[in-house]
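Subject: Handing over a structure, with notes

Dear colleague,

I am passing on a structure that you have not worked with before, and my notes on it follow below. Please read them with the structure open beside you.

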Amino acid sequence: MENLTISDPPPPPMQQQHGGPGGMPPALGRPPPPPQQLPAQMFTTAAQLLDLTDKKLMLALRDGRKLVGILRSWDQFANLVLQSTKERIFVPPGTAPDQVRGLYADVDRGLFLVRGENVLLLGEIDLDKEDDAPPGYDLADVELVQSLAKQRKQQDKIKEKTKVKMLAKEGFEGENLGEVLL
């Protein structure tokens with residue numbers, strides 16, 4: 001091993017003896033090309049959230065909830081911290097009698113922590129269109145929208161049970177129908 005000090009001159013550049021890549025002679029007088037950098041669009045990890053920090057986002061969660069809030073922090077697992085969060089509840093048209101247009105309401109949730117695996121979709125909100133109602137929906141009272149959403153959920157459960165029973169009669173098993181309880 002050599003003993004080097006700070007005052008020693010740098011070593012001379014090493015010469016390639018076997019040629020360049022593929023046995024080709026080295027390019028004389030040219031520096032090697034710089035390493036390739038990937039564009040920001042290529043990141044598929046939580047690092048892509050860097051561009052969305054401190055922006056207003058809408059999140060669709062796996063359980064069907066929609067959240068609107070300002071992204072303040074995130075980690076390597078894409079766990080998100082949203083500030084000034086509102087849960088937006090939608091009721092599609094036709095849920096209530098004589099309902100022609102859909103209804104929606106916002107429920108204040110404040111500071112909200114979302115586990116990354118529960119995020120289905122997220123996107124930045126266009127601040128120019130933020131105050132506009134979603135197309136085909138009208139703003140309504142929170143209690144009315146929550147009761148209609150609960151009613152709609154119960155109707156969907158009944159439909160799902162009926163569908164599972166019909167499929168079971170035809171020989172199809174659902175996720176939990178084939179399990180035997182011991």
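Which side chain is joined to that of R88 by a polar contact of 2.8 Å? Please bear in mind, as you look for the partner, that this is a predicted model. The partner is D106, whose side chain makes that polar contact with the side chain of R88.

R88 itself belongs to strand β3, which covers residues 80–91. Because its relative accessibility is 17%, and the limit for a buried residue is under 20%, R88 counts as buried. Once its neighbours within four places in sequence are set aside, R88 is in contact with M58, K66, V68, Y104, A105, D106 and P134, so D106 appears in this list as well as in the polar contact.

The pockets come next, beginning with the second largest, since R88 takes part in its lining. This second largest pocket holds about 400 Å³ of space, and it is lined by 18 residues, of which R88, I125, E130, D131 and D132 are the closest to its centre. At least two lining residues come from each of β1 (56–61), β3 and β4 (102–114), and β3 gives the most, with 4 residues. Sorted by class, the lining of the second largest pocket is made up of 8 nonpolar, 1 polar and 9 charged residues.

The largest pocket contains about 540 Å³ of space, and 17 residues line it, with G64, I89, F90, A149 and K153 lying nearest its centre. The elements that give two or more residues to this lining are β3 and α1 (142–169), and α1 gives the most, with 6 residues. The lining of the largest pocket divides into 10 charged, 5 nonpolar and 2 polar residues. Strand β3 therefore deserves a look from both sides of these notes, as it supplies residues to the lining of the largest pocket and to that of the second largest, and also holds the buried residue R88.

Finally, a word on helix α1, where a simple check of length can be made. Its 28 residues should span 40 Å at 1.5 Å a residue, and because the C-alpha atoms at its ends are 41 Å apart, the expected and the computed spans agree. After α1 comes G171, which has a positive phi, near 105°.

With best wishes

Methods:
Residues numbered from 1 in each chain as written. Predicted model: local features only at pLDDT ≥ 70, side-chain atom pairs only at ≥ 80, totals over all residues. Heavy atoms only, no water. Buried < 20%, exposed > 50% of the residue type's maximum accessible area, 1.4 Å probe, protein only. Polar contact = N/O pair within 3.5 Å; in protein donor to acceptor, adjacent residues only side chain to side chain. Contact = heavy atoms within 4.5 Å. 1 Å grid on protein atoms, 1.4 Å probe; cavity = no way out; pocket = protein on both sides within 12 Å on 5 of 7 lines; lining within 4 Å. Points joined across faces, edges and corners; volume = space filled by probe spheres on them. Nonpolar A, V, L, I, M, F, W, Y, C, P; charged D, E, K, R; others polar. Expected span 1.5 Å × (residues − 1).
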